[in-house]
Amino acid sequence: MEVKNCRGCGRLFNYLQGPQLCPGCMSDLEDKFQQVKQFLRENPKAPLNVIAEENDVSVKQIKQWVREERLTFTEESQITLECESCGGKVLTGRFCDRCRTSLQNEFSGAIKRTTGSVAPKKNTSQKDRMRFLDS
């Protein structure tokens, strides 16, 4: 466990993992998230800068929530992010549907290759076995 300064308020706190925010600032950030989520439900076509201004949240923070798949823009929304692989449109997450499917196929193929190449068990003979002396 480390003691760090909170990036939000500057207070010292016991840091375990995740963003370097104290519990108070994390709670405030979660409240802002719920506020943005409610705002998007009521205004699905609102531009990104309006969402940020109305909820007193940075555009960067909203994009982070979308990348983390905590927020999703609807099809009717004009807001999209770029796929980190091909640059296509993304409504939530880091990758578009095509790239996500491709990555899943590559990972599942890699898992099948590694599990299929397990070395067979060696046949141990009697002379290789451990012996115990009787007392």
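Me: Is E75 buried or exposed in this predicted model?
Reply: The model is predicted. E75 sits in the loop that runs between helix 3 (59-67) and strand 3 (81-82). Its relative accessibility is 71%. Exposed means over 50%, so E75 counts as exposed.

Me: What distance separates the C-alpha atoms of E75 and K45?
Reply: Along the chain, E75 and K45 are 30 residues apart. In space, their C-alpha atoms are separated by 9.4 Å.

Me: Is N55 buried or exposed?
Reply: N55 belongs to helix 2 (residues 48-55). Its relative accessible area is 3%. The cut-off for buried is under 20%, so N55 is buried.

Me: Which side chain joins that of N55 in a polar contact of 3.3 Å?
Reply: Set aside residues up to four places away in sequence, and N55 touches K32, Q35, V36 and F39. One of these also makes a polar contact, side chain to side chain, at 3.3 Å. That partner of N55 is Q35.

Me: Which helix gives the largest share of the largest nonpolar core?
Reply: The largest nonpolar core has 16 residues. Those with the most contacts inside it include V36, L40, I51, I62 and W65. Helix 1 (23-42), helix 2 and helix 3 each supply at least two residues of this core. The largest share, four residues, comes from helix 1.

Me: Which residues does I51 contact, leaving aside its neighbours within four places in sequence?
Reply: I51 is among the residues with the most contacts inside the largest nonpolar core. V36, L40 and I62 are also in that group, and I51 is in contact with each of them. With those neighbours left aside, the full list for I51 is V36, F39, L40, A46, I62 and I79.

Me: How many residues are in the other core, the one with C6 and F13?
Reply: This core lies apart from the largest one. Among its members are C6, F13, Y15 and C22. C6 is buried, with a relative accessible area of 5%. The count for this other core is six residues.

Me: How many disulfides does a search of the whole structure find?
Reply: A disulfide needs two cysteine sulfur atoms within 2.5 Å. For C6, the nearest cysteine sulfur is that of C25, 3.5 Å away, so by that cut-off C6 is in no disulfide. For C9, the nearest is that of C6, at 3.7 Å, and C9 is in no disulfide either. Across the whole structure, the number of disulfides found is zero.

Me: Is C9 buried, partly exposed or exposed?
Reply: The relative accessibility of C9 is 35%. Buried needs under 20% and exposed needs over 50%. C9 therefore counts as partly exposed.

Note on methods: Residues numbered from 1 in each chain as written. Predicted model: local features only at pLDDT ≥ 70, side-chain atom pairs only at ≥ 80, totals over all residues. Heavy atoms only, no water. Buried < 20%, exposed > 50% of the residue type's maximum accessible area, 1.4 Å probe, protein only. Polar contact = N/O pair within 3.5 Å; in protein donor to acceptor, adjacent residues only side chain to side chain. Contact = heavy atoms within 4.5 Å. Core = buried A, V, L, I, M, F, W, Y, C linked by side-chain atoms within 4.5 Å.
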